[in-house]
Amino acid sequence: MMPEAVPSPTAALEALALPQVDHVDLVTVRLPFVAPFGTSIHVWTVKDAMLMRLEAGGVTAWSECVSDPDPFYSYETNATARHIIKDFLLPLVEPGITLGELEARFRRARGHGMAKATIENALLILVANQRGVPLHALMGRPAKRIPSGLSIGLKGTKEELVRAVERAVAKGYHRIKMKVKKGQDVDWVAAVRDRFPDVPLMVDANGDYSLADTDDLRRLDAFNLMMVEQPLSYSDIIEHASLQREMKTAICLDESIHSLADAAAAISIGACRIINVKQGRVGGLLESMRIAHRAARVGIGVWSGGMDETGIGRAVNIHLQTAEGFTLPGDTSETANYFDEDIVDQPVLLDDEGFIPIPQGPGIGARVMAERVLKRTIRAERLR
Ligand code: OSB
Ligand code: MG
């Protein structure tokens, strides 16, 4: 049977003609975290964010590459993204071709979604800035208030964890995610559930378990969790399907999903009931919109993940969540959760009902503060 014809959520964006770009810069900034961010894979204490700046006839646009300096979350690093952007992707960007044609050219380079997203997002933001419209409007989406979610890193003690959850609940966050790892899971979830029996709660293992841990993972079923994110290997889909058959709690895939094709495969074999879409990991806003649209049609929940971005990437994630299919609160938290001072104004703040307002103005809305970027710059390179 032919699948029913559904209008593409990205057709208008694919038809956009690329503008002439005068200059392209990569600027890496270092922002200290207010506190170390611990996960089963690494503890990060600073954010080294590689930013792309486009200049076109006096209009500038900034995007952010969501890679880290290290390959612990993803194989992409700031160095590989720089290499792929500089030597393979940027030479394919020509004025007059459409964004759809650019995506097709980019497909010849396998993987490296974060590098691709950096360019695609920068071009979209540039066009939005040139037209004087917000990014969500360029995406064809109406404004809305974005639900909030906090990702709490691994803590030293259960008391510390419970205090962090208390602060998040008091702030009004719509859902709380706590990191877990082997040996720091069931009892820690129990401690949070003791204090907050009903708070919307989920866990993220960043791939720390294997199928041999199925019995331990099944113990999480007792806590009414919204989902368990990426329990098994970062590269696995098929074993997640086996695990999902053994668990009541919904599985959410993060690291395993790099494209619409990955999402379709995971959905078709029942590897997850929820997908964390990180726009960088899947190659940009268009592929994110495709995944969310497809998932929504088959009842799979989607939310926007985060990579503890500066205000630039954070704003992109906020605009993305106006797209069809983003049905669940994402990892979209206040700037202050990570940084004392961001490189953009205004910082992200929750409103009194825990929602995140879309930054007002053309493009990402948030204003990039040149002198703060300069103060934080650890490397800069003009590519064009
Ligand atoms: O697994 O979702 C993840 C941060 C860095 C790398 C991986 C992850 C995370 C987070 C935090 O959980 C997301 C955020 O607050 O931006
Ligand atoms: Mg995750």
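1. Along the chain, the donors of the magnesium ion (ligand 2) follow the spacing D-x24-E-x24-D. In this predicted model, the coordinating residues are D204 (OD), E229 (OE) and D254 (OD), at 2.1 to 2.3 Å from the ion.

2. The two aspartates of this site belong to separate elements: D204 lies in strand 7 (residues 201–204), while D254 lies in the loop between strand 9 (251–253) and helix 10 (260–268), so the pair ties together parts that are 50 residues apart in sequence. D204 has a relative accessible area of 0% and is therefore buried. D254 likewise counts as buried, because its relative accessibility is 0%.

3. A second region of interest is the sheet with the strand order 3-2-1-15, an open sheet of 4 strands with antiparallel pairing. Strand 3 and strand 15 are its edge strands, each pairing on one side only. On average, neighbouring strands of this sheet are turned by 25° against each other, direction ignored.

4. Within this sheet, strand 1 and strand 15 run antiparallel and are joined by 5 bridges. One pairing can be given by residue: V27 has A380 of strand 15 as its bridge partner.

5. Helix 2 lies across strand 1, strand 2, strand 3 and strand 15, and runs at about 15° to strand 2. Which residues of helix 2 are buried? They are N78, A81, R82, I84, I85 and L89. These buried residues pack against strand 1 (23–38), strand 2 (43–56), strand 3 (59–65) and strand 15 (377–382), and also against helix 3 (99–107) and helix 4.

6. The packing of helix 2 with helix 4 merits a separate point. Two packed helices are described by the angle between their axes and the distance between the axes. For helix 2 (residues 78–89) and helix 4 (residues 113–131), the angle is about 65° and the axes are 8 Å apart. The crossing of helix 2 with helix 4 is right-handed.

7. Helix 2 contributes A81, I84, I85 and L89 to this contact, and helix 4 contributes A115, K116, T118 and I119. By residue class, the contact of helix 2 with helix 4 comprises 6 nonpolar residues, 1 polar and 1 charged. The helix 2 residues A81, I84, I85 and L89 make the contact with helix 4, and these residues are also among the buried residues of helix 2.

Technical notes. Residues are numbered from 1 along each chain as its sequence is written. Chains are lettered from A and ligands numbered from 1 in the order in which they are written. This is a predicted model: local features need pLDDT of at least 70, side-chain atom pairs count only at pLDDT 80 or more; totals for chains, interfaces and linings use all residues. Side-chain values use heavy atoms; hydrogens and water are left out. Donors are N, O and S atoms within 2.8 Å of the metal (3.2 Å for Na, K and Ca); water is not among the atoms, so sites may look incomplete. Buried means under 20% relative accessible area, exposed over 50%, partly exposed in between (1.4 Å probe, protein chains only). Axes are lines fitted to C-alpha atoms, for helices over the stretch in contact, and angles run from 0 to 180 degrees between N-to-C directions. A crossing is left-handed if the near helix is turned anticlockwise from the far one by less than a right angle, and right-handed if clockwise. Contact means heavy atoms within 4.5 Å. Ala, Val, Leu, Ile, Met, Phe, Trp, Tyr, Cys and Pro count as nonpolar, Asp, Glu, Lys and Arg as charged, and the others, Gly among them, as polar. Two strands pair if DSSP finds at least two bridges between them.
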